[in-house]
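Me: Could you take a close look at one part of this protein with me? I'd like to go through the surroundings of one bound ligand, and then see how the rest of the model relates to it.

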Amino acid sequence: MTKSSQHRCFQNSLRLCLLALSAGFQLLPSTLSAEDLTLLGGDTTSFLPAEAALQVVAPNVTDQEKRMEQLDGFSVFHRINRPQTGIGPQLVNVGCGRCHLGNGKGRVKAGPLIGNSGNTPSSMVIKASLQGLQENGAPIDPPNVTEQLKVKFNGSVRKREAFIREIYGSREARWPRLRFRKVSGQYPDGTKYTLLKPILRVRLRGVRRSQLVTSIRMTPALVGMGLIEAIPEEKILEWSDPEDSDSDGISGRPNYIPDLSTNSFAIGRFGHRAGQPNVHQQSAAAAFHDMGVTSSLFNTGEPGEEPELSDFELRILTVYQQLAGVPAARDQSKNAVIAGQEIFKQLNCDSCHKMTVTTSHAEHPELNDQIIHPFTDLLLHDMGPQLADERAEFSASGSEFRTAPLMGIGHLKKVSQLKRLHFLHDGRARNIEEAILWHGGEAEAAKEAFKALALGERTALIRFIESL
Ligand code: HEC
Ligand code: HEC
């Protein structure tokens with residue numbers, strides 16, 4: 001550690017400084033108070049390679065019948081697109097695993113969202129609605145669009161063209177397109193950086209531009225879905241602080257959204273704006289909105305309609321995700337990782353990315369009473385105007401997002417087999433550092449504290465996140 005960084009370090013905080021110094025001088029890690037997070041998913045933690053861990057049933061599930069169900073759910077997840085499931089005729093992509101690559105994140109791609117062939121491989125989802133909300137808080141669908149823009153169409157070329165004309169009009173130059181604009185910035189130490197901000201162009205036939213609101217969503221990873229479901233509701237409410245009564249600049253409140261199975265409002269846990277209450281409903285919504293596959297929960301409501309995805313298939317699809325393992329965290333005894341964890345806490349990253357919680361009330365006993373490290377409070381936080389879009393969703397405004405879970409994040413590049421892994425709800429961040437630099441609003445202070453760190457400390461923090 002250089003003299004000048006020692007000096008700056010002392011201006012920041014004595015504790016943090018001692019820590020960075022001790023990491024630099026290779027002091028014994030035992031002098032530091034880091035928690036060993038290896039068992040990210042408690043007893044569901046798997047030491048298989050992450051690609052397998054995320055798909056194979058968790059090691060603590062011993063019931064043979066459940067293990068078989070989880071295995072059978074795997075085929076629904078990957079083969080839902082067989083012709084008899086009635087995929088389409090309008091869709092975003094043809095299978096769960098075509099967006100959630102290896103159960104990891106999806107691809108982020110600039111350019112036209114509808115290709116000439118109509119087959120641009122996209123795992124981005126564009127939610128589009130009219131200004132305002134329905135009485136129950138749901139967004140309002142534009143004409144010819146349900147929830148999300150459809151970019152693929154099955155059936156004959158003529159039929160495909162008719163759909164495109166109906167939704168977007170006939171001029172290809174006006175079809176939806178995503179591009180990224182460079183935004184530059186600088187650390188207090190003079191290091192420059194360039195970020196990318198997404199610019200989405202969408203026109204819909206028969207909708208005035210000023211009426212249309214959109215939200216770009218990248219495909220998140222499916223890590224520990226059953227555990228996220230089992231984070232106790234009382235804990236989420238205890239974490240929430242809508243009026244910021246402790247004046248730490250961080251409020252956080254739950255999204256309340258319809259639970260279709262109980263016909264009541266529930267706390268949202270899934271999706272970038274916590275718009276879905278559980279894996280079951282999230283999966284049925286995905287089948288319907290992403291793939292055009294109906295189920296008992298989501299359908300067109302026409303009389304005599306048979307669900308294309310049976311209740312049995314939907315259940316094993318849900319079990320597959322709930323009971324998959326969580327890959328273990330790595331390198332927890334390495335000095336840089338230990339220092340990084342300490343910095344994570346020092347910068348108050350853990351006021352939103354909650355490190356540790358004990359699960360309860362899980363649908364499966366194997367997921368109960370597990371000490372897990374989800375790194376989320378499942379609450380909505382105002383992340384400032386830079387990350388915001390205009391599309392509200394139930395209690396969530398356009399600038400509010402659910403704290404992204406960081407559990408398993410360090411494995412996802414390999415899992416998804418992508419050259420570059422993207423982060424944040426719209427995939428604008430090309431690495432963890434960029435993701436932190438986009439934090440604003442309630443997380444502005446944490447971001448500024450990150451920027452004020454010495455390079456070695458920033459690197460240790462990122463090393464820690466990558467160890468998860
Ligand atoms: C077109 C790409 C695409 C397809 C196909 C797709 N998803 Fe997703 N998935 C997404 C996106 C984007 C989100 C985030 C949605 C949001 O922000 O509301 C998501 C969110 C989820 C989540 C919540 C994850 C979390 O951390 O909150 C689950 C669970 C999920 N999808 C399961 C499925 C299942 C099961 C299928 C197949 C039936 C499927 N998805 C098909 C893109 C896709
Ligand atoms: C006020 C709450 C809050 C604080 C404080 C906060 N975050 Fe976040 N973080 C979020 C939210 C909300 C998101 C999701 C934003 C989005 O999707 O656009 C997020 C996303 C992230 C992501 C991207 C994850 C992914 O898979 O896309 C990383 C990495 C991250 N935060 C790290 C940090 C670090 C490191 C700190 C401390 C310097 C921090 N966060 C402080 C709320 C917070």
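Which residue has a polar side-chain atom 2.7 Å from an oxygen atom of ligand 2?

Reply: Happy to walk through it with you. Please keep in mind that this is a predicted model. The residue you are asking about is Lys 105, with a polar side-chain atom 2.7 Å from an oxygen atom of ligand 2. The elements that supply two or more residues to the shell around ligand 2 are β16 (400-402), α13 (432-437) and α15 (455-467). Of these, α13 makes the largest contribution, with three residues.

Let's stay with ligand 2 for a moment. There are 28 residues around this ligand, and those that come nearest are Cys 349, Cys 352, His 353, His 425 and His 439. His 353 also makes a polar contact: an N or O atom in its side chain is 2.8 Å from a nitrogen atom of ligand 2. Leu 424 takes part through its backbone instead, placing an N or O atom 2.7 Å from an oxygen atom of the ligand. Sorted by class, the shell holds 19 nonpolar residues, six polar ones and three charged ones.

Now for the other ligand. Ligand 1 is surrounded by 29 residues, and the closest are Cys 96, Cys 99, His 100, Arg 217 and Gly 271. His 100 deserves a second look: its NE2 atom is the single donor from the protein to the iron atom of ligand 1, at 2.1 Å. A polar side-chain atom of His 100 also lies 2.9 Å from a nitrogen atom of ligand 1. In the chain, His 100 sits in the loop between α5 (96-99) and β3 (111-112).

Two further residues have polar contacts with oxygen atoms of ligand 1. His 272 offers a backbone N or O atom at 2.8 Å, while Arg 402 has a polar side-chain atom at 3.0 Å. Two or more residues of this shell come from each of α5, β4, α9 (279-291) and α10 (311-322). The biggest giver is α9, with six residues. By class, the shell around ligand 1 divides into 16 nonpolar, nine polar and four charged residues.

The strands just mentioned lead on to the sheets. β4 belongs to an open sheet of three strands in the order β5-β4-β9, paired antiparallel. Its edge strands, β5 (139-140) and β9 (212-217), each pair on one side only. Between β4 (residues 125-133) and β9 there are six bridges, in the antiparallel sense, and Ser 129 stands opposite Val 213 of β9.

β3, which follows the loop that holds His 100, is part of another open sheet of three strands. Here the order is β3-β7-β8, and the pairing is again antiparallel. β3 and β8 (192-201) form the edges, each pairing on one side only. Two bridges link β3 to β7 (residues 177-186), with Pro 112 partnered by Arg 177 in β7.

Finally, a word on confidence. The protein has a mean pLDDT of 91, and 90% of its residues reach 70 or more. Residues 1-12 are below 50, and this stretch has 17 contacts in the model beyond near neighbours in sequence. Residues 20-30 also stay under 50, with 14 contacts beyond four places in sequence.

Methods. Residues are numbered from 1 along each chain as its sequence is written. Chains are lettered from A and ligands numbered from 1 in the order in which they are written. This is a predicted model: local features need pLDDT of at least 70, side-chain atom pairs count only at pLDDT 80 or more; totals for chains, interfaces and linings use all residues. Side-chain values use heavy atoms; hydrogens and water are left out. pLDDT is the predictor's confidence in each residue, from 0 to 100. Contact means heavy atoms within 4.5 Å. Donors are N, O and S atoms within 2.8 Å of the metal (3.2 Å for Na, K and Ca); water is not among the atoms, so sites may look incomplete. Helices (H or I, at least four residues) and strands (E, at least two) are DSSP runs, numbered from the N terminus. A residue is near a molecule or strand if one of its heavy atoms lies within 4 Å of it. A polar contact is a pair of N or O atoms within 3.5 Å; within protein, one must be able to donate a hydrogen and the other to accept it, and residues adjacent in sequence count only if both atoms are side-chain atoms. Ala, Val, Leu, Ile, Met, Phe, Trp, Tyr, Cys and Pro count as nonpolar, Asp, Glu, Lys and Arg as charged, and the others, Gly among them, as polar. Two strands pair if DSSP finds at least two bridges between them.
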